[in-house]
Amino acid sequence: MSQNSTLECIPAPRRKLVSTWATRSFVGLLFLLCVAGGVGLLGGHTSTAVSAKHGFHLSLQYPRTARPGLDTLWELKITHAGGFSSPITVAVSGSYFDLFETQGFYPTPSETTRDNTFVYLTFTPPKSAGTFRVMYDAYVQPYVSPDHLLAQRATVALIIKGHRLDAIDYVTWLLP
């Protein structure tokens, strides 16, 4: 530099190794998120949980991962070889339904009650063979409160003649 330069007292920049690696790591993380989204890992996914006790077979399809505003599938199928001679009560963790905006249950329960833990849905026994299905038509609320973010644990239980015969525990993961 010449003697008349005003830049003589400014030291030459040194590359900071930490900031270089932080930038590379951040760009790498963004790349991995884009790839995960591109192959469908971040969208909604449905899982099935099954259980069989006391001659009843329960099969629950539920949202394993979901995002606000997306439709979800929640369907409980109950099978019993001898059919159903008395009302069927399905108990579901009450806080689980706080995640959803709903159009209702199909078929419509003949009675619905709730306590501090469960919503109890009582259905008239089907006249046909030994299979009963209940569907919940819903989508995840556009705004989900912070206490419902990430994992929402729930239980669905089968109650016949006042006796809890079987239950399935499951988890729905909410993604932002």
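Two residues are in contact when they have heavy atoms within 4.5 Å of each other. By that rule, residues 24 or more positions apart account for 63% of the contacts in this protein with a separation of 6 or more.

The structure is a predicted model, in which local features need pLDDT of at least 70, side-chain atom pairs count only at pLDDT 80 or more, and totals for chains, interfaces and linings use all residues. Residues are numbered from 1 along each chain as its sequence is written, and side-chain values use heavy atoms, with hydrogens and water left out.

## Overall layout

The protein has one helix and ten strands. Helices (H or I, at least four residues) and strands (E, at least two) are DSSP runs, numbered from the N terminus. Along the sequence the order is α-β-β-β-β-β-β-β-β-β-β.

Of the 176 residues, 36% count as buried. Buried means under 20% relative accessible area, exposed means over 50%, and partly exposed lies in between (1.4 Å probe, protein chains only). The accessible surface comes to about 11,200 Å², and 59% of this belongs to carbon and sulfur atoms. Accessible areas come from the Shrake-Rupley method with a 1.4 Å probe; for residues, only the protein chains shown count as cover.

## Strand pairing

Two strands pair if DSSP finds at least two bridges between them. The table lists three such pairs.

| Strands | Direction | Bridges | One partner pair |
|---|---|---|---|
| β4 (residues 88–93) and β9 | antiparallel | five | Val 92 and Val 156 |
| β9 and β10 (residues 163–174) | antiparallel | eleven | Ala 151 and Trp 173 |
| β6 (residues 111–114) and β7 | antiparallel | four | Thr 112 and Leu 121 |

Strands β9 and β10 form a hairpin with two residues between them, and Lys 161 in the turn has a positive phi of about 50 degrees. Strands β6 and β7 also form a hairpin, with three residues between them. Strand β9 (residues 150–160) is largely enclosed by the rest of the structure, because eight of its eleven residues are buried.

## The nonpolar core

In soluble globular proteins, nonpolar side chains tend to be buried together. A nonpolar core is a set of buried Ala, Val, Leu, Ile, Met, Phe, Trp, Tyr and Cys residues joined through side-chain atoms within 4.5 Å. The largest one here has 34 residues, of which Trp 74, Leu 76, Ile 78, Val 156 and Tyr 170 touch the most other members. Strands β2 (56–66), β3, β4, β5, β7 (118–123), β8, β9 and β10 each supply at least two residues of this core.

With residues up to four places away in sequence not counted, Tyr 170 touches ten residues' worth of listed neighbours, among them Leu 60, Tyr 62, Trp 74, Val 92 and Val 156. Leu 60 and Tyr 62 also appear beside Ser 47, which touches Leu 60, Gln 61, Tyr 62 and Arg 64 under that same exclusion. Ser 47 is found in strand β1 and counts as buried at 13% relative accessibility.

## A salt bridge and its surroundings

Side chains of opposite charge can pair when their charged atoms come close. A salt bridge is a side-chain nitrogen of Lys or Arg within 4 Å of a carboxyl oxygen of Asp or Glu. The count by this rule is one: the side chains of Arg 133 and Glu 75 meet at 3.2 Å, N to O. This pair links distant parts of the chain, since Arg 133 is in strand β8 (residues 131–140) and Glu 75 is in strand β3 (residues 71–80), 58 residues apart. Arg 133 counts as partly exposed at 44% relative accessibility, whereas Glu 75 counts as buried at 15%.

Tyr 106 lies in strand β5 (residues 100–106) and is partly exposed, with a relative accessible area of 43%. Leaving aside neighbours within four places in sequence, Tyr 106 is in contact with Arg 133, Val 134, Met 135 and Asp 137. Tyr 106 and Arg 133 are 27 residues apart in sequence and 8.2 Å apart in space, C-alpha to C-alpha.

## A nonpolar patch on the surface

Patches are made of residues with over 30% relative accessible area and no salt bridge; like charges are joined within 9 Å, and nonpolar side chains (Val, Leu, Ile, Met, Phe, Trp, Tyr) within 5 Å. One nonpolar patch on the surface includes Phe 26, Phe 31, Val 39 and Leu 41, and its residues together have about 1,100 Å² of accessible area. Leu 41 lies in the loop between α1 (17–38) and β1 (45–53). Leu 41 is exposed, with a relative accessible area of 56%.
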